[in-house]
Amino acid sequence: MIKEAMKTVSDLWSLMVGLKVTGRYFLEPQVTVRYPWKAVDNIDTFKGHLELVPSKDPFKPKCISCGMCALACPSNCLTVVKRKPPKPTPEEEKAQAEAKANGEKVKDKTPKDPEKFIYDYTLCSLCGTCMENCPAGALRFSGNVYQAGYSRNDFLFELVAHMQTKADASPKTEFEPPVAETSEA
Amino acid sequence: MPAEFIHILIALAVVAASVGALGLVMVWVERKVAGHIQRRPGPFEVGPNGLLQPFCDALKLVGKQLFMPNGADPILFWLAPVLSFLPVLVLFLPLPLGDGIMAQNMNLGLLLILAFSGLSVLALLLGGWASNNKYGLLGAARGVAQSVAYEIPLLLAVLAVSFQAGSLNLAEVVKGQGTWPWQWNIMTQPLAFLIYLVSALGETNRAPFDLPEAESELTAGFHTEYSGMGFGLFFLAEYANMAVVCAVATVLFLGGWHGPILPGPLWFVLKVSLLLLLMVFLRWTYPRVRFDQLLNINWKWLLPLAVANLLLTAFFVKFAQYVVVK
Amino acid sequence: MTRYIDTEQTAGDFYTHNFAKKAQEGTLILNLGPQHPSTHGVLRVVVEMDGEYVLRAEPILGYLHRMHEKMAEVKTAAQFIPNMGRVDYLHAMAWNWAFVGAVEKIAGIEVPERAEYVRVITCELNRISSHLLWWGAYLLDLGAFTPIMYAFDDREKLLDALQVPTGSRLTYSYFRIGGVAQDLNDDCLGRIRAFIPWLRSRMPMYKDLVTDNIILRKRIEDIGVIEPELCRRYGATGPVARGSGINYDVRRNEPYGIYSKFDFDIPTSELKCARGRYDVRMAEIEQSLRIIEQALEMMPEGDVLVKGAPKPSWKVPAGESYFAVEGARGKIGVYVVSDGGKNLYRTKLRAPGFCNLSLFGEVSRGTILADAVAILGSLDMVIPEIDR
Ligand code: SF4
Ligand code: SF4
């Protein structure tokens, strides 16, 4: 009987303990960050969409249009458009024909970098397979968490142009949050 | 008596306005407190500290399309929210805010409150029944069983106090208590206070007894099908009901407007807000009880305790009278 | 206008009609889901109710079926890894491991030592995050709103740590055939090291707020009793089986990776009810922390991917293999058949949630609706995993 009563009391006490916990947290500081007004500290490691790595010339990608990435991608979101060989001048044409006739190797004058690099972010699963299989190390994740758009087409990137516009703009201001303050602990 | 009639009408209008305001404030407080318990700020974008958020919510609710499910009973369906809200207005009439400050002094004020608060169950039942929804039906059934059950210990607890005070007039009950906490009824009737609090939670369908709308089981229970202001009225009625039970608790147990230094109405409001805060805290702390447990708590614990308490009170009151007469 | 439509004739679909055929007189057929707050996703349960009592219940699946097994037939093995993160989004690492392990077994690829440790650490962290989420969501089912916020507070720290090597927060595709995609850097290791004592310091709070709470105890004790026999019959594994007293954990019984090197307990409970499963999961969090601690101690330096790791176009040698790992919900098995062609010939995914859910119809019989919901939650389902 006494045991029962003690148990009931301790049961009821457990309710008080619960109230104590919530009461304590009620008074403790909040753990959330007022996001758009304060920066959060965990977005640097996010992958974000793909982008091309520029070579020494910031307007020219490292990419050599080999197409490995497009082949490797499980979701088929990459399309690499190779450049057409430049129209040869008549002399060159003649020289080429001669060389061919002589059994020499024709030097391909086509620039290696892609004309277009189309990337469909809506399909991408951010797996990184393309990046790992690129022989030139020409792809990387942009870490851009602010990619949002009104239509599907906003997620269709032309990565060469994207890289060039990015190179145009000063890289510092590109993906900063609206108000860049340091976050509260 | 047209004068008195007009008086009541004016009082009702004032009450309606203040209930609306109260609802808005309560929504804000609830969300703020819930936020802070959960270590987030709660609403803070609209207005200073999110104070205008409830207005926006209300505006949104008003602006929403009123929608009725196919096969619902149109009259009963729309009657239910109104019926849940209107009686609440009456409940505020006999509440004494301060010495002589009340909408209507009534001899049977307590009885009026108990009688009219029973009507909210009817609204709940109608709402659940008329919406032609199985969840609504289950919620309504739960609501009725729960309210009927919890009304009894509530009544008994209240009765014990009125035995002691010898009156059903709320102002009289308050006048029977003194300025300091040890002169309040809670000191002589602690058990009745506890019983009252628990049954009040049950009566107002607040967590952890929010079974008629238990959203993890019944999606939204009896108001599943209500949209816009239909839902808004239920919502408002819930908060108004909370305020009423807290106010009655203050009057009966916590000395009403009595208190040192500060003016009476302020004390009253302070005590009511503290009780409301407690209710909010309970909601955000505990899991929901199960339905059979809910009824067990009532029939096996609260009811016998309340009856015993009432008998004891009656005995002591008679005994005291006997001694005094002697 | 006909207001009172003949609901008997028009309401419900094939499943409901079929279910209703066996209904008794005067009972209520209720569809819980596919959109319902307590089914966590798009599970649908048709129940026959007599008042508050559940007479029969039948889970209906397929609302989230995404043909993962078929997709495996049109992709090369390496290309299929991202799919594994999407099968069970709460314990993606375990699925990653199960598939990668199966392929490695066929090809006989040895994983570098460090990669093994990285796999264990990330997989166990992911298990904790899954259990934390389950804990919060389960309490939400039981009507407590606050615990999930506290759980998410802790889980957030964990996701931040896992985001460093994986770059994502939920659907990881981090494992590679022959290792993992990236090494754990100092930032990540520091976060993990800080997380272990932090979570330990939080556990008493969880206990005070929830585990000891009388309302919760009354809610989950003695409901949904699953006899060990029933577990065996339906093939239930993981915390569901261990909560019924079956001491079976793939990490211990059929050790894979380097789990045999660690010292950890397999928590079991003899209670057999929802409470038992709850206890097992809470204890497992602590055991996972222990494993991570030891792994961090013992982790050697080195590569995390074998030299010459398979390219996406790599053809899996002909053969078949089965690889099982212990996921947060039970035994995850992947059976792979390769005919040496470009794509895998057949991939079969064994989802623990599917077996665990199958119990539900039998266990929920005769319970109150609120209990049925509590039982459903205690089975810890992830619908995408069940439907695949
Ligand atoms: S990250 Fe994966 S899905 Fe996205 S483009 Fe690269 S390979 Fe394709
Ligand atoms: S990005 Fe890399 S893999 Fe893709 S085409 Fe360019 S060089 Fe080849």
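## A tour of two interfaces

Start with chains B and C: select the 31 residues of chain B and the 38 residues of chain C that make up their contact, where contact means heavy atoms within 4.5 Å. This is a predicted model, in which local features need pLDDT of at least 70 and side-chain atom pairs count only at pLDDT 80 or more, while totals for chains, interfaces and linings use all residues. Residues are numbered from 1 along each chain as its sequence is written, chains are lettered from A in the order in which they are written, and side-chain values use heavy atoms, with hydrogens and water left out.

**Chain B against chain C**

With both chains shown, the area buried between chain B and chain C is about 3,000 Å², and 58% of it lies on carbon and sulfur atoms. Buried area is the accessible area (1.4 Å probe) that two parts lose on being put together, summed over both.

Next, select B:Arg142 and C:Glu52. Their side chains form a salt bridge, 2.5 Å from N to O. The term stands for a side-chain nitrogen of Lys or Arg within 4 Å of a carboxyl oxygen of Asp or Glu. Three salt bridges are found across the interface of chain B and chain C.

Now colour the helices of chain B. H6 (134–165), H10 (215–218), H12 (264–285) and H13 (291–325) each give at least two residues to the side that touches chain C. Helices here are DSSP runs (H or I, at least four residues), numbered from the N terminus.

Colour that side of chain B by class: 13 residues are nonpolar, seven polar and 11 charged. Ala, Val, Leu, Ile, Met, Phe, Trp, Tyr, Cys and Pro count as nonpolar, Asp, Glu, Lys and Arg as charged, and the others, Gly among them, as polar.

**Chain C against chain A**

Hide chain B and show chain A. Here 28 residues of chain C are in contact with 26 residues of chain A. About 2,300 Å² is buried between chain C and chain A, 51% of it from carbon and sulfur atoms. Select C:Gln79, C:Gln163 and C:Ile214, which lose the most area to chain A in chain C, together 19% of what that side buries.

Then pick A:Glu132 and C:Arg176, which form a salt bridge with the closest N and O atoms 2.8 Å apart. The count between chain C and chain A is one salt bridge.

Finish on the helices of chain C. H4 (77–87), H7 (147–166), H8 (186–211) and H9 (214–220) each supply at least two residues of the side that touches chain A. The largest share of that side, seven residues, comes from H7 of chain C. By class, the side of chain C that touches chain A has nine nonpolar, six polar and 13 charged residues.
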